[in-house]
Amino acid sequence: MTHGRRADSYTPRPDGAGPRDTAARYALLPLRIFLGVTFVYAGLDKLTDSAFLKDSGAGSIGDMMRAVRDSSAIPALVDMALKSPVGFGYAIAFGELAVGIGTLIGLLTRIAALGGALISLSLWLTVSWAAEPYYYGNDLPYLMAWTPLILAGAPLLSVDAALRARRRRGTF
């Protein structure tokens, strides 16, 4: 095997129009679509599940919170939610819906992503904290998946990008 310069090495084009440049610009779009659709679905699923938005009973938010209280990382957080489990259930559902819609359309994307990360963090510290090994819990990967969107926002195919372009043109 000889060592030398690879003929297919990548050098970004100054105009940013090469295929890898295009792929890099669109790299966050699949993540944005996945997280947006997932959070919209999760919010709608909670809002349309008659059992979930109840204080007690099979599948209720109240019973779920009581079941995870002693195994959560922050039992006081669960206790706070248990003061009004139905209200907490609505807050989570509407929060997921707002985060999902904001992420999908790219409106205030960094704020939506921060909201998604906070929801995922709260669920990881409460509901999936006892998962062993830790990577069996699904909320931690969601928390990490929000990080690139917090950092980069939605630079393409988004309301944020359209507003940014209008400001640059001076038509806003």
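Which helix gives the most to the lining of the second largest pocket? H8 does, with 4 residues. I will come back to that pocket after some ground rules.

This is a predicted model, in which local features need pLDDT of at least 70, side-chain atom pairs count only at pLDDT 80 or more, and totals for chains, interfaces and linings use all residues. Residues are numbered from 1 along each chain as its sequence is written, and side-chain values use heavy atoms, with hydrogens and water left out.

Let me start with the empty space. Rolling a probe the size of a water molecule over the atoms shows where such space is left. The search runs on a 1 Å grid over the protein atoms alone: a cavity is a set of points where a 1.4 Å probe fits but cannot get out, a pocket is an open set with protein on both sides within 12 Å along at least five of seven lines, and lining residues have an atom within 4 Å of a point. Grid points are joined across faces, edges and corners, and a volume is the space filled by probe spheres set on the points. Helices are DSSP runs (H or I, at least four residues), numbered from the N terminus.

The largest pocket holds about 330 Å³. Its lining has 19 residues, and those nearest the centre are Ala-42, Lys-46, Glu-96, Leu-123 and Asp-139. Five helices each supply at least two lining residues: H2 (29-48), H3 (61-68), H5 (85-105), H6 (109-126) and H7 (139-152). H2 has the largest share, 5 residues. Sorted by class, this lining has 12 nonpolar, 4 polar and 3 charged residues. Here Ala, Val, Leu, Ile, Met, Phe, Trp, Tyr, Cys and Pro count as nonpolar, Asp, Glu, Lys and Arg as charged, and the others, Gly among them, as polar.

Back to the second largest pocket, with a volume of about 160 Å³. Two elements, H6 and helix H8 (159-169), give two or more residues to its lining. Among the lining residues are Leu-108, Arg-110, Gly-153, Asp-160 and Arg-167. The classes here are 5 nonpolar, 2 polar and 4 charged. Gly-153, just after H7, takes a positive phi of about 70°.

There is also 1 cavity of 30 Å³ or more, with about 60 Å³ of space in it. Its lining consists of Arg-25, Tyr-26, Leu-28, Leu-29, Arg-32, Pro-155, Leu-156 and Leu-157. That makes 6 nonpolar, no polar and 2 charged residues.

One of those cavity residues, Arg-32, lies in helix H2. Is Arg-32 buried or exposed? Its relative accessibility is 4%, so Arg-32 counts as buried. The cut-offs are under 20% relative accessible area for buried, over 50% for exposed, and partly exposed in between (1.4 Å probe, protein chains only). The Arg-32 side chain reaches the backbone oxygen of Thr-103 at 2.8 Å. Beyond four places in sequence, Arg-32 has contacts (heavy atoms within 4.5 Å) that include Leu-104, Leu-149 and Ser-158.

Lys-46 is also in helix H2, and counts as buried because its relative accessibility is 18%. A polar contact of 3.1 Å joins its side chain to that of Glu-96. A polar contact is a pair of N or O atoms within 3.5 Å; within protein, one must be able to donate a hydrogen and the other to accept it, and residues adjacent in sequence count only if both atoms are side-chain atoms.

Now the rings. The whole structure has 7 aromatic pairs. Rings of Phe, Tyr and Trp (its six-membered ring) pair if their centres lie within 6.5 Å; planes under 30 degrees apart count as stacked, over 60 as edge-to-face and the rest as tilted. Phe-34 and Tyr-142 are stacked, at 6.1 Å centre to centre with 10° between the planes. Phe-34 is in helix H2 and Tyr-142 in helix H7, so this pair ties together parts 108 residues apart in sequence. Phe-39 and Trp-146 have ring centres 5.1 Å apart and planes at 90°, so they are edge-to-face. This pair also runs from H2 to H7, linking parts 107 residues apart. Both Phe-39 and Trp-146 are buried. Ring pairs link Phe-34, Phe-39, Tyr-142 and Trp-146 into a cluster.

Last, H7 itself. Its buried residues include Asp-139, Leu-143 and Trp-146, and what covers the buried residues of H7 includes H2, H5 and H6.
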